[in-house]
Amino acid sequence: MLRGGTSLLGIVNFVTFLISIPILGGGIWLASRANSTDCIRFLQWPIIAIGLAVMVVSLMGFAGACYRQTWLLRLYLFAMFFIVVALLFFIVFAFAVTDRGDGQVVMNRRFLEYQLSDYNGWLRDRVADPAYWATISACLRDGRACAAMRRFARDPNTGMLVPETPSMFYARDLSPIQ
């Protein structure tokens, strides 16, 4: 069944097929949740598509390697080339869109200040659009991104825990997303 160089190709594609099963299962699980939010709906179809693509391509490679079908291996090679080119395009696009986002130093703050005007026009327009911003803010709320930033400090006069003051907040070392 498997001989020589095709045995390694068959083994790698079988392992890739096994890995695609939980990816596809995760996408289907996200799609089946009744209380899905905008973030989950945004992620479910790309995860399902990636899981199906990896599964189909790995099955093509596995079957082509096991049964020595050159046409199937050529189709597998073309599909892998397309996937690699698509991933490279996505990486270049992501760097091009976010490249100019350099933080500015602000006096009396330990973190850098980021301005929307520093970023690429495509990203700036997406974030500034009210419809997209509603989705982005809903994802941030659902993920409790801002609630995780809340801290309390002990008041020296009363000894009680109170929300931190603005000066304490500005003295924190925050990440760009915060």
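A helix, as the term is used here, is a DSSP run of H or I that covers at least four residues, and helices are numbered from the N terminus. The structure described is a predicted model.

**Helices and annotated spans**

Helix 1 comprises residues 5-32, helix 2 comprises residues 38-67, and helix 3 comprises residues 70-98. The length of helix 3 can be tested against expectation. Its 29 residues, at 1.5 Å a residue, should span 42 Å, and because its end C-alpha atoms are 42 Å apart, the two values agree. The buried residues of helix 3 are Leu72, Tyr76, Ala79 and Val97.

An unreviewed UniProt entry lists residues 6-30, 42-63 and 75-97 under "transmembrane region". Two of these spans are set out below.

| Span | Distance between end C-alpha atoms | Helix | Strand |
|---|---|---|---|
| Residues 42-63 | 33 Å | 100% | 0% |
| Residues 75-97 | 33 Å | 100% | 0% |

**The second largest pocket**

The second largest pocket holds about 500 Å³ of space. Its lining consists of 18 residues, and those nearest the centre of the pocket are Ile50, Ala53, Val54, Ile83 and Leu87. Helix 1, helix 2 and helix 3 each supply at least two residues of this lining. Helix 2 makes the greatest contribution, with eight residues. By residue class, the lining of the second largest pocket contains 15 nonpolar residues, three polar residues and no charged residue.

**Two residues of helix 2**

Glutamine 44 belongs to helix 2. Its relative accessibility is 8%, and it therefore counts as buried, the limit for that class being under 20%. Beyond residues up to four places away in sequence, glutamine 44 touches Gly27, Leu30 and Ala31.

Phenylalanine 62 is likewise found in helix 2. With a relative accessible area of 26%, phenylalanine 62 is classed as partly exposed, because that class lies between the buried limit of 20% and the exposed limit of 50%. When neighbours within four places in sequence are set aside, phenylalanine 62 is in contact with Gly10, Asn13 and Phe14. The C-alpha atom of phenylalanine 62 is separated by 9.4 Å from that of leucine 72, and these two residues are ten residues apart along the chain. Leu72 is itself one of the buried residues of helix 3.

Note on methods. Residues numbered from 1 in each chain as written. Predicted model: local features only at pLDDT ≥ 70, side-chain atom pairs only at ≥ 80, totals over all residues. Heavy atoms only, no water. Buried < 20%, exposed > 50% of the residue type's maximum accessible area, 1.4 Å probe, protein only. Contact = heavy atoms within 4.5 Å. Expected span 1.5 Å × (residues − 1). UniProt positions renumbered as here; feature names shortened; annotations may be inferred. 1 Å grid on protein atoms, 1.4 Å probe; cavity = no way out; pocket = protein on both sides within 12 Å on 5 of 7 lines; lining within 4 Å. Points joined across faces, edges and corners; volume = space filled by probe spheres on them. Nonpolar A, V, L, I, M, F, W, Y, C, P; charged D, E, K, R; others polar.
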